[in-house]
Amino acid sequence: MSHLGGSIKRIATKGPSSLCRRTLATEVSIPSTIATPPTGPQLSTSIILNRSPLLTPKPSSFASSYNAYQYKLSRALSTPFPQHFYFKKGSTLQQRFHNEEIDRDHKSFGAGFGKGARLRLPPENYDKPLPRESEADKIGDVQSLDRSGERNLYLVVKTKQGIWKLPQAVAASGDALHVAARKQLIQQCGEAMDTWIVGRQPVGFYEDEEKIFFFKAHIFAGQVSKDTSSDMEDFAWLTKQEIADRVEEKYWTGIKDMLSDV
């Protein structure tokens, strides 16, 4: 029993000591390199720069007929204007008003209406309103902001790779999206435009080879200035339908709902 007891004592003494030495000798292997996360599409910002309509749209045939009927009705029911109270008899103003009244009656009821005749007056130089069709419309100048006064126009640029798209650039690291959009517009299209970005939140998003956030902006004055250092080769102010004919089909599908049909 003593021999057996002594053996048990030696094993008990040896066991914990061996375990302690093995624990202290254990080393954790640390990898030499840390795996980097996979890179995704790059982040870009784009500006939907809009020139709002300059003219009211032409009325439809129904609206024109309704307005003509209301004008004729109001002329028929209106009380005659007391010319003798406001104009001196025989004065130039009274004669001019007489001629204008005859023109209004002819417009409402036809050329044979009324008994009076127009008076002969010396010609006067009036400022005539400009025609609805501008000079840019006549010569087809797509870089002029005076074209298509009834429609919304949007700035599209042509890159040196021959691709038409809205002004766009890669967002710099650390910049807020609306700040990056403002910077890229100035860098790509120059500082000769008075523009206003509507808000800090993007109005649209498109993802293909890169993630693009779109911001709405308006132009008040100025024009695009070409810079040889930028990626822009050409530019145009186009309506929504004209943009569809220039940009790629997949890109058009992603941006068409952000543009106005008017």
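**Strand E7 and the largest pocket**

Me: This is a predicted model, so let's start with the hairpin. How many residues sit between E6 and E7?
Reply: E6 covers residues 204-207 and pairs with E7 in the antiparallel sense over 4 bridges. One of the facing pairs is Gly204 opposite Phe214 in E7. The two strands form a hairpin, and the number of residues between them is 2.

Me: Which residue in E7 is the bridge partner of Ile197?
Reply: Ile197 belongs to strand E5, residues 193-197. E5 pairs with E7 in the antiparallel sense, over 5 bridges. The partner of Ile197 in E7 is Ala217.

Me: And E1 with E7: parallel or antiparallel?
Reply: E1 runs over residues 42-51 and E7 over 210-222, with 9 bridges joining them. Thr45 stands opposite Phe213 in E7. As for the sense of E1 and E7, it's parallel.

Me: On to the largest pocket. Which element gives the largest share of its lining?
Reply: E1, E3 (164-165), E4 (168-170), E7 and helix H8 (249-255) each supply at least two lining residues. The largest share is 3 residues, and it comes from E4.

Me: How many charged residues does that lining have?
Reply: The lining has 20 residues, with Ile163, Lys165, Gln168, Glu210 and Ile212 nearest the pocket's centre. By class, there are 7 nonpolar and 6 polar residues, and the charged ones number 7.

Me: What volume does the largest pocket have?
Reply: Its lining is made up of 20 residues, and E7 is one of the elements supplying at least two of them. The computed volume is about 470 Å³.

Key
Residues numbered from 1 in each chain as written. Predicted model: local features only at pLDDT ≥ 70, side-chain atom pairs only at ≥ 80, totals over all residues. Heavy atoms only, no water. Pairing = 2+ DSSP bridges. 1 Å grid on protein atoms, 1.4 Å probe; cavity = no way out; pocket = protein on both sides within 12 Å on 5 of 7 lines; lining within 4 Å. Points joined across faces, edges and corners; volume = space filled by probe spheres on them. Nonpolar A, V, L, I, M, F, W, Y, C, P; charged D, E, K, R; others polar.
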